[in-house]
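Welcome! Here is a short guided tour of a protein fold, written for someone meeting it for the first time. Please keep the 3D view open as you read.

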Amino acid sequence: MTYESGQEKPSLMQVYAKFRTSSDFIQYEEDTNNLKCWISYIRTLVDINTLQQHIMPILKNEKWSSLEELKKVIPIENIVITIDTDVVMEKLLDGFIIINLSEYGLPCLVVKATINKAREVSLPEVEFSVVGPKEAFVESIESNINLIRKRVNNEKLRIFEMNVGDLSKTKVAILSVEGVSDEQNVQTVIQRIKDIHFDQISDSSFISQMISDKTTSPFPQFLDTERPDRVSSILAEGKVGIMVDGSPHVLIGPTTLIEFFSAFDDYFYNWIVASFFRLIRLFAVSFSILITPIYVAVLTYHYELIPSDLLGTLIASRRGVPLPPILEAIFLELVIELLREAGARLPTKVGQTIGIVGGIVLGTASVEAGITSNILLIFVALAALASFTTPIYAIGNTIRMLRFPFLLLALWFGVLGIVICFCFLMTHLLRLTSLGRPFLEPIYPPRTIDMKDAFIRLPFSFMSKRPQQLRTKRPRRFSANNAKKHKDIDE
């Protein structure tokens, strides 16, 4: 805690006076075996069993005459004696018990008795996979670090902790692998987080929005994941992880656009199967963004692009529809988004019912009422389905939002408008960075080495080097030649 020039630290009386305004602050005098002492703590942060079973019996039964002697006999680790009132204030808020020999006297004995209530490690909900580990992060930062420590069982795993938030004092941990991660990336993350001046940090998404290179971009510039196996693997590549206490998601940076379409399941399958699935996702994203704008552009300006065999079907489907293509497209897109939001906000069972029944009823009713054509209904449903193939939830939201500017430009300029919007999108992506690294890498700048795990995933034997854009201290993960020799000897 910092003070202005000439301002003194508060006395212990002033510290306790601040806490007495809260009803859960407890302070009382206790008669012990030898002398009296004062005990202070915040009831809602302290494990009462620790106080009653490990501290009070020692105070009442053991003979001690000083805090130094008491420190030696209490069977709890990390006990400290301090005269710093800032430390006393901080430890009270962390769930420690303060013991004084007088009500406002210094020094103080600070004993850890923090209550630990955390959700048990459970299955991933957003990034669920059929194969591979079935563990997901929880809200406790200590549990999350433990999940990473089990997978990166190495002394080089480095964890730097700090408190962020002027009011919340939320614990944030920066993870990296010493000797692998580029120190510039690590220091950039630390400095940006230190520069945050905000009162309440509730989730890792707050940190992501505040330290991104370009906060006005709809594209996430940090990879958000709930899987410990993915974080440990990415840390081994040389990236930096950011954990926030109270958040079950970990941020990873620097990242690239291609990584948002790469599921961690891809590394559990044969490389041919994994590459096929990855290409399917990339096609699905392109289809989701472009299919309805192309429908609007073709029906508004470019009837000559429609094959003659399909033209009759399209005319028949639009017979009796009074709305122009743009209005029926926007209507259906908004209906899909409303159903998605309603399903996400309602309880699970009710949300599933609303999504299925609402989609069927509204879709059928809109076609029968002549508001929309059945072909467009199929296109919009397929586009919505394709947008859900993205393995990272944050990029899925961006994909769904991008359809609307494409639709508007398709209305104004037809196919040319789609091309113009695509050029603006590519210009934005070319200028976008993540921790100063190109967001479109390895497409631009083109890097052949990193292409081995981009659009397709080659076998592990081809991935002997870490991503080039990370500028790691150890670019080589293993020797491909030595691995090949050992394989030939085994054969």
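The notes below go through the nonpolar cores, the strands and a pair of helices in this predicted model.

**The nonpolar cores**
- General background helps here: in soluble globular proteins, nonpolar side chains tend to be buried together.
- In this model, the largest nonpolar core contains 40 residues. The residues with the most contacts inside it are I148, F219, M243, L257, I395 and L429.
- Which elements each supply at least two residues of this core? They are α5 (141-151), β7 (170-177), α8 (228-237), β10 (250-253), α9 (271-301), α14 (393-413) and α15 (415-431).
- The biggest giver is α14, which provides six residues of this core.
- Another core of 20 residues lies apart from it, and I39, W64, L109 and V111 are among its members.
- Try selecting M243: leaving aside neighbours within four places in sequence, its contacts include F137, I141, I145 and I148. M243 also touches K171, V172, A173 and L175, as well as V250.

**Strand β7 and its partners**
- Is β7 mostly covered or uncovered? It is mostly covered, with seven of its eight residues buried.
- Strand β6 (residues 157-164) pairs with β7 in the antiparallel sense, over eight bridges. Here I159 stands opposite L175 of β7.
- β6 and β7 make a hairpin with five residues between them. In the turn, G165 has a positive phi of about 110 degrees.
- β7 is also joined to strand β9 (residues 240-244), by four bridges, and these two strands run antiparallel. I174 has I242 in β9 as its bridge partner.

**An open five-stranded sheet**
- Five strands form an open sheet in the order β1-β2-β4-β5-β3, with antiparallel pairing.
- β1 (25-31) and β3 (80-82) are the edge strands, each pairing on one side only.
- On average, and ignoring direction, neighbouring strands of this sheet are turned by 25 degrees against each other.
- Strand β4 (residues 96-100) and strand β5 (residues 108-112) run antiparallel and are joined by four bridges. For F96, the bridge partner in β5 is K112.

**A pair of packed helices**
- Helix α11 (residues 325-345) packs with helix α13 (residues 374-387) at an angle of about 40 degrees, and their axes are 10 Å apart.
- α11 and α13 are therefore oblique to each other, and α11 passes α13 in a right-handed crossing.
- Which residues of α11 and α13 meet? P325, E328, A329, L332, E333 and I336 in α11 meet L376, L377, V380 and A384 in α13.

How values were computed. Residues numbered from 1 in each chain as written. Predicted model: local features only at pLDDT ≥ 70, side-chain atom pairs only at ≥ 80, totals over all residues. Heavy atoms only, no water. Core = buried A, V, L, I, M, F, W, Y, C linked by side-chain atoms within 4.5 Å. Buried < 20%, exposed > 50% of the residue type's maximum accessible area, 1.4 Å probe, protein only. Contact = heavy atoms within 4.5 Å. Pairing = 2+ DSSP bridges. Axes fitted to C-alpha atoms, helices over the stretch in contact; angles between N-to-C directions. Parallel < 35°, antiparallel > 145°, perpendicular 65-115°, else oblique. Left-handed = near helix turned anticlockwise from the far one by under 90°.
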